[in-house]
Amino acid sequence: MIHRKLMIAAALVLLGGSAAMANKAALTGDTQHGAVGTTPCGGCHTPHAGLNGNSLLWVKSVGTSTYTVYTSASLKNTSSNITSPGNGLLVAGTPSNNTLLCMSCHDGALAATNSVTLTTTNYGTVGAALSTSALLDVGAGGNLGNDHPVNLAHNPTLNTTLAAVAAVTGAGLQLYTGGTATNFVECGTCHNPHQGPTGVTNTPKSLSLGYYLRVANNTSQLCTTCHL
Amino acid sequence: MRAERTQSLGIRPAAGLLLLLLPLLLGLPRAAQGQSAPVVGTKHDLSVPGTVSGQPCVFCHTPHDSYVAEKPDWNHLLSIQTYTLYTSTTTKTVMQQPNQSSKQCLSCHDGTVALGQTKAQGLLNTSRILGAGKNLGANLSNDHPISFTPVSDGQLAASLFLTPPATKDPAVKLVAGAVECTTCHNPHIPNKDTVVPSFLVRSNASSAICLACHDPSQPRPNRLQGWTTGSHGTATNTTPAAAGFGAYGTVALNACLNCHLPHNTPANSSPRLLRQYEEAACSPCHNGTNLTPALLNVMGEFSKVYAHPTTTVSGLHEANENAFPLNANRHAECPDCHNGHAAANAGGAALPPGVQSALLGATGVSNAGGAVNPQPANNEYEVCFKCHADSTGKPQSSAYSVYGYTPFRVTFATSTDPYNVRLQMQSTASSHPVTHARNSPYPQSSLRVNMLTLSYTAGRAMGTQVYCTDCHTNNQDRNFGGLGPNGPHGSAYPHILERNYQVNTPPATPGGTFPSLTYSAGINGPFALCEKCHEFTNSIFQDATFRHNIHSIGVGASCAICHSPHGVANSSANIGPRLVNFDTHFVGQNSGRPIQFNKAGRYCDLVCHQQAHDSGMTY
């Protein structure tokens, strides 16, 4: 068991997964993300034969569905289809960006039909159907139109009401750059799937709503990190 | 609940301060600090710190599971209310139920949805309730319209009709080409206007927000033209910090808000969102009180015995009554003569016939009849003609005489409208030079060099044309030395005349005797009004060829018995020159012959004061 964990951790380090390393302990005790698989990591990652172009050694197919994306007359940015431009940290040209990986579970449809991609004696059954909680079923029906937009650049030049990039990342949020994408907002901008459901480890969490938020949001301070 | 709110109020300032200071403590650049923590701590921050309702943003927005079609990520439960919409006889825009954007505001501000009732999180506790006056209710007819695409009506900014449409001020934005709540309001920042912290998109001092769409620079017949020089847009008189006045401190800064309100206007003054109805809208400032320095008391003028029926007639004025003349719905409200957008106390014409400053921008009827095109009126008489010319509704009953003695002229027998002042003024026979320059072919030996002031000093140079208001105005008009408001609001004298103009009591039958007037010179004399321009003692009364003094002093007969002061309409060959047109209450026929003033033959043919006049009595 220990051996497997080390292997996965080592693989993730190669893929820039130091944050995951840092939160290994949190994930180990995590009864949500950490309990998806038979091991804390195994719900999402596999040491071998990762799907989706081996992105992060992912254990689940993300499917090929396109999503209804967020639009708004006041949106300064262009919210492109969620399958592109993708997170350049992963393999360009594949539907394997940060957000899509999250959708492999947090999309009700995909989770139901695509849940079991790796059922071995070593790992057990992965991907039980998600809770019916609407807040967890973010991409239900292939619809991301009623959620905060993702796969779009955080561009304070375009939208002058946004905070500077340095202020956003300095506050602990993450923006994604790679390929043709620069400073993209993805699920991982606000959420860190490894740090435990109750929020940021070193931030007072007593008032937080949890949800793996990178910054506690008990006074909407996560929102106002970007939205000045 | 009460305890919770009290507690939350205790916590909030500390939390807000911390949020404000946090960027400073972290040493972030100023741009990152920005307007730190929008909404937080404002009246739109409904959060209850220390509870699951502690997030200020969540009452309106949610990162997940928002309304699908309501942007941005709308969360507050929307109202299903059907609203009563704004209507007006002057707007060309077709109103419709609120659009998405404004419905979001109304999800709290129509008062039908519990504050804190969200789509994603259910009912959250709130630290605030809807403030007084902030509940617009289901009736939006007394609020500035929203959710409409502007339609050009002559006074809206041209930029609204370009592609893409925009207001004149980049801070005042259309939403998908429409005016929405957020055109004027920014729900995140309460105090861009530091005087009125109502989440305005910018300071509305001098009504800058209003003027972003309502554009005085549009060409005639734009009713707003003249705003930038008009008194309501420029006067520095201070206004009281009291209900009923704008909050900005002076007339110029209050601007549109002197008279209009954007929300919750009283029920009976909703069209055009006036604060009050008809003269009541003008009264708070024009009643001699409230402003510093105070204005003259115009409202008091209407209490005089002879006054325009401004305060006595209500409910008939309608701002779209441009199809002049006014017929059945006769009335004289303030805006019938004054355009509050353009009226000023300087800058109008100094000499007849041009409109004086107070009448700038008012509509009128031309001397050819029909509406001035394009409006507004160029000449003062055009304003008067709206009611006193071709209108078929002019009262002709005995009740009319409450405003003064009703003359009846000989030529009126062939006139269809004896009260049509326009026809009289446009007479080809003779008329006072109101609609035209002086054009009599005869010598005008009686005319003074200067008109007489009320104290009988030299006033305005005579010139070649006169105003209606040279005769019909306040008996204390400042143009001729008085101390009261200018203009014919009211007067101590009949017909709203500026000075004494006495008429004899008619005889029992035409041609009979009647009581004499006693002539005296000066402002209290019976013919003082005529004396303002016509010199009696050295010319008319001593005229060697026609002895006025026999009639005026000897018989004590009023000028009005022989002269029709406006003009002689429908004149016959033998009636008309020199404004001669006999009052048939006094003058009767001689032996059944037509009443005549035969100027060529230098005689009159009539009976008056039991004296027969005929061709044998020449002058």
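This report describes a helix and a loop residue in chain B and a small sheet in chain A of a predicted model.

In chain B, helix 8 covers residues 279-286, and because six of its eight residues are buried, this helix is largely enclosed by the rest of the structure. The buried positions are Glu279(B), Ala281(B), Cys282(B), Pro284(B), Cys285(B) and His286(B), and these residues pack against helix 9 (334-337) of chain B. Just after helix 8 of chain B, the backbone at Gly288(B) adopts a positive phi of about 85°.

Elsewhere in chain B, Leu174(B) lies in the loop that runs between helix 3 (100-109) and helix 4 (181-184). Leu174(B) counts as partly exposed, because 19 C-beta neighbours fall inside 10 Å, where 20 or more would be needed for a residue to be buried. Leaving aside residues up to four places away in sequence, Leu174(B) touches Pro165(B), Ala166(B), Thr167(B), Val179(B) and Thr183(B). Its C-alpha atom is separated by 8.8 Å from that of Leu160(B), which is 14 residues apart from Leu174(B) along the chain.

Chain A contains an open sheet of three strands, arranged in the order 1-3-2 with antiparallel pairing. Strand 1 and strand 2 of chain A stand at the edges with a single partner strand each, so one side of each is left without a neighbour in the sheet. Strand 2 and strand 3 of chain A run antiparallel and are joined by two bridges; Tyr176(A) has Phe184(A), in strand 3 of chain A, as its bridge partner.

The residue ranges of the three strands are as follows.

| Strand of chain A | Residues |
|---|---|
| Strand 1 | residues 152-153 |
| Strand 2 | residues 176-178 |
| Strand 3 | residues 181-185 |

Definitions and conventions:
Residues are numbered from 1 along each chain as its sequence is written. Chains are lettered from A and ligands numbered from 1 in the order in which they are written. This is a predicted model: local features need pLDDT of at least 70, side-chain atom pairs count only at pLDDT 80 or more; totals for chains, interfaces and linings use all residues. A residue is buried if 20 or more other C-beta atoms lie within 10 Å of its own, exposed if 12 or fewer, and partly exposed in between; C-beta atoms are placed from the backbone. Helices (H or I, at least four residues) and strands (E, at least two) are DSSP runs, numbered from the N terminus. Two residues are in contact if their C-beta atoms, placed from the backbone, lie within 7 Å. Two strands pair if DSSP finds at least two bridges between them.
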